[in-house]
Amino acid sequence: MATHLPKEKKPTEGRKHQNMQNDTKTSQGQWGRAWEVDWFSLASILFLLMFAPLIVYYFIMSCAQYQCSLADPLLDLLTGNKHLSDIWNSTPTLTYRAAVIYALWVTFQVVLYLFIPDFCHKFLPGYVGGVQEGAVTPAGVVNKYEINGLQAWIITHVLWFANAYCFHFFSPTIIFDNWIPLLWCANILGYAVSTFAMIKGYFFPTNAKDCKFTGNFFYDYMMGIEFNPRIGKWFDFKLFFNGRPGIVAWTLINISFAAKQQELYGQVTNSMILVNVLQGIYVLDFFWNEAWYLKTIDICHDHFGWYLGWGDCVWLPYLYTLQGLYLVYHPVQLHTAHAVGILMLGLLGYYIFRMTNHQKDLFRRTSGNCRIWGKKPEYIECSYTSVDGSKYYSKLMTSGFWGWARHFNYTGDLMGSLAYCLACGFKHVLPYFYIVYMAILLTHRCLRDEHRCSSKYGKDWKRYTAAVPYRLLPGIF
Ligand code: NDP
């Protein structure tokens, strides 16, 4: 469901408006993902298309067959101790049971998403749910979304606990016990939805003006053609696949890993509890702030392709949960001081992450008529044009955490990510993959976002970067 948003437009900009209409492509080039592919982007995309599925397989296989050692499989192969076929043949295949579990899981999440309107906002003070508007798209469209992720998360978890612990309908270790067969199912869905999104972009896009074609098949497949593909009024691909089934599953996966520890060792270690609690806070925060999420880069700027489709189905649930998986194989019991230090780091990271995001959200929602750290916020006025040549105005805040660095929310996110990894001790590098990945992802995202903002706001962006010169760490980067 979409509406156009003329109200933010300032009619006084009529002359400029007309000029822009004569140069649609220039206007579009100022906003959203690339129109043309450079060699570096193409090489990166081909690398990811080829190797990302292998990376996921390698990590999961290393845990299942090599006790989470990343070096041992390579050593075995290099020394001729094992052949690729030996490793492959020891890998569990797709099973009927996993296919049924996965199909039921995804169907259930679709039902929760599409057919149960949000009721949480009616009784949870401060929670924003129900029908909400997204940001204006490059074509000047404002989509409407049914925000009911928190409700879906709660219903799913209540049913999980009831069925696993009260009715014993399935074991709480069910996810761990089917982990690799489920990986094949997640891949099938990830590829199917990305391929469908590409075909849809060509033949029946939801909004043709919000499509981008570079002419390069691989780039379009990876980065997506359609901005907001939908089926019917409400099934929004980005919101559904970004949030559910992957993020709802995240906490269940961790709970299943904790249950496996209990089954194998008769206890759940404090490190496993830390990972469950810190990642649980992150997941709950995501759903509590799902309406805010409509204004983040994933929804506001990324097109829907393999990067989001496959990434949300496979990469996120399998690699973001590596710490819990590792702790099943290596049950680490931390000294209390160590555990408390990690908890503090994780909570501080979360606080910075949330407060920084909150400050921007409050600032944008109130158009600067708010208080940040007890004072009226300072900001830089800026303007940009949409695909139809309309001129819009916006503000970039230079107060609060946004005055410390241009992406201090990423810094908080990185602190939290480091805490999850540290909970796993220092025996293996595998659990540290997450912090390395997040550092690359968020630095790249920071540069990508700044490139986009620079094209979108032009000289106004330069004034902003002069006022706030650092990206992630004040005085350093
Ligand atoms: P931001 O929430 O930082 O949004 C960036 C956008 O905010 C810019 O494009 C610009 O958009 C606007 N903006 C930039 N500077 C200012 C300012 N000074 N004042 C007001 N608005 C400004 O980025 P993301 O959407 O990437 O991230 C949201 C959160 O999600 C972050 O905390 C991040 O850590 C987290 N995240 C987590 C991931 C994970 O996998 N765990 C992955 C990605 C993100 P506009 O065009 O509207 O001006």
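**Exercise 1. The nonpolar patch**

Which helix gives the largest share of the nonpolar patch, and how many residues come from that helix?

*Solution.* The structure is a predicted model. Begin with the members of the patch: Leu46, Phe47, Leu48, Met50, Phe51, Leu54, Phe217 and Phe218 lie together on the surface. Their combined accessible area is about 740 Å². Next, assign elements: helix H3 (39-66) and helix H11 (217-223) are the ones that give two or more residues to the patch. Met50, for example, lies in helix H3. The largest share, six residues, therefore belongs to H3.

**Exercise 2. The shell around the ligand**

Determine how many residues surround the ligand, how they divide by character, and which element gives the most to the shell.

*Solution.* Step one is the count: the ligand is surrounded by 27 residues, and the closest are Tyr410, Asp449, Arg452, Lys456 and Tyr457. Step two sorts the shell into 14 nonpolar, five polar and eight charged residues. Step three considers the polar atoms of the ligand. An oxygen atom of the ligand is 2.5 Å from a polar side-chain atom of Tyr410, and for an N or O atom in the side chain of Tyr320 the distance to a ligand oxygen is 2.7 Å. The backbone takes part through Met397, where a polar atom lies 2.9 Å from a nitrogen atom of the ligand. Taken alone, the ligand exposes 920 Å², of which the protein buries 92%. Step four assigns the elements: helix H19 (336-365), strand E7 (391-397), helix H21 (408-422) and helix H22 (433-457) each give two or more residues to the shell. The most comes from H22, with eight residues.

**Exercise 3. Position relative to the domains**

Explain why the ligand is described as lying between domain 1 and domain 2.

*Solution.* Domain 1 spans 92-333 and domain 2 spans 335-476. Because both domains give residues to the shell around the ligand, the ligand lies between them.

**Exercise 4. Backbone geometry**

Identify what is unusual about the Arg244 to Pro245 peptide bond and about phi of Gln67.

*Solution.* The reference point is that most peptide bonds are trans, and most residues other than glycine have a negative phi. The bond that joins Arg244 and Pro245 is cis, with omega about 10°. Pro245 is placed in the loop between helix H12 (237-243) and helix H13 (246-265). Gln67 has a positive phi, near 55°, and is found in the loop between H3 and helix H4 (71-78).

**Exercise 5. A salt bridge within a helix**

State how the side chains of Glu263 and Lys260 meet, and where both residues lie.

*Solution.* Side chains of opposite charge can pair when their charged atoms come close. The whole structure holds 13 salt bridges. Glu263 and Lys260 form a salt bridge with an N to O distance of 2.9 Å, within the 4 Å cut-off. Both residues belong to helix H13, three residues apart, about one turn of the helix.

Key
Residues numbered from 1 in each chain as written. Predicted model: local features only at pLDDT ≥ 70, side-chain atom pairs only at ≥ 80, totals over all residues. Heavy atoms only, no water. Near = heavy atom within 4 Å. Polar contact = N/O pair within 3.5 Å; in protein donor to acceptor, adjacent residues only side chain to side chain. Areas by Shrake-Rupley, 256 points an atom, 1.4 Å probe, with all protein chains shown as cover. Helix = DSSP H or I, 4+ residues; strand = E, 2+ residues; numbered from the N terminus. Nonpolar A, V, L, I, M, F, W, Y, C, P; charged D, E, K, R; others polar. Domains from an automatic or database assignment. Patch = residues over 30% accessible without salt bridge, like charges linked within 9 Å, V, L, I, M, F, W, Y side chains within 5 Å.
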